[in-house]
Amino acid sequence: MSTHTPDGDVYVSPVYLAGSTFTGDPALQPLLDQGFHLHRDELANIYVSSPEQHLRLGYLPEGEDSTLWKIAAHSPRNS
């Protein structure tokens, strides 16, 4: 058995075995159900942010690096 790691695009057939990569991805749905806001950029990357803007999660299949998910958390500001 080969242990060669592919370099470049990998195509999966049948397509359904690759999993979903669309906006309605099941990983984002629980956050949307809790009031997170959905945003998209010009590259079709998806971001959701909490109603208070303290949490942000990005699904970045078209990002500049190989990181698919990025999460940012910010402390609330004292008024």
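Strand E2 (residues 46–49) is covered on both faces. Ile-46 and Val-48 are buried on one side, and Tyr-47 and Ser-49 are buried on the other. Buried means under 20% relative accessible area, exposed means over 50%, and partly exposed lies in between (1.4 Å probe, protein chains only). In a regular strand the side chains alternate between the two faces of the sheet. The model is predicted: local features require pLDDT of at least 70, side-chain atom pairs count only at pLDDT 80 or more, and totals for chains, interfaces and linings use all residues. Residues are numbered from 1 along each chain as its sequence is written, and side-chain values use heavy atoms, with hydrogens and water left out.

The secondary structure of the protein comprises one helix and four strands. From the N terminus, the order is α-β-β-β-β. Helices (H or I, at least four residues) and strands (E, at least two) are DSSP runs, numbered from the N terminus. The mean pLDDT of the protein is 76, and 65% of its residues reach 70 or more. pLDDT is the predictor's confidence in each residue, from 0 to 100. Among the elements, E1 has the highest mean pLDDT, 91, and E4 the lowest, 86.

E2 pairs with E1 and with E3. Two strands pair if DSSP finds at least two bridges between them. Strand E1 (residues 37–40) runs antiparallel to E2, and four bridges join them. His-37 has Ser-49 as its bridge partner in E2. Five residues separate the strands of this hairpin, in which Ala-44 takes a positive phi near 75°. Strand E3 (residues 55–59) also pairs with E2 in the antiparallel sense, over four bridges. Here Gly-58 of E3 is the bridge partner of Tyr-47. E2 and E3 form a hairpin with five residues between them. Gln-53 lies in the loop between these strands. Its phi is near 65°, a positive value in a residue other than glycine. Gln-53 is partly exposed, with a relative accessible area of 48%.

Tyr-47 also has a charged neighbour: Arg-56 lies over the face of its ring, 4.3 Å from the ring centre. A charge sits over a ring if NZ of Lys or CZ of Arg is within 6 Å of the ring centre and within 35 degrees of the ring normal.

The structure holds one aromatic pair. Tyr-59 and Trp-69 form this pair, which is tilted, at 4.8 Å centre to centre and 45° between the planes. Tyr-59 lies in E3 and Trp-69 in strand E4 (residues 69–73), so the pair ties together parts that are 10 residues apart in sequence. Rings of Phe, Tyr and Trp (its six-membered ring) pair if their centres lie within 6.5 Å; planes under 30 degrees apart count as stacked, over 60 as edge-to-face and the rest as tilted. Tyr-59 is buried, at 6% relative accessibility. Trp-69 is partly exposed, at 34%.

Gly-35 lies in the loop between helix H1 (29–33) and E1. Gly-35 is partly exposed, at 30% relative accessibility. Its C-alpha is 8.8 Å from that of Ser-49, and the two residues are 14 apart in sequence.

Of the 79 residues of the protein, 18% are buried. Among contacts (heavy atoms within 4.5 Å) between residues at least 6 apart in sequence, 8% join residues at least 24 apart. The protein exposes about 6,600 Å², of which carbon and sulfur atoms supply 53%.

Note on methods: Areas by Shrake-Rupley, 256 points an atom, 1.4 Å probe, with all protein chains shown as cover.
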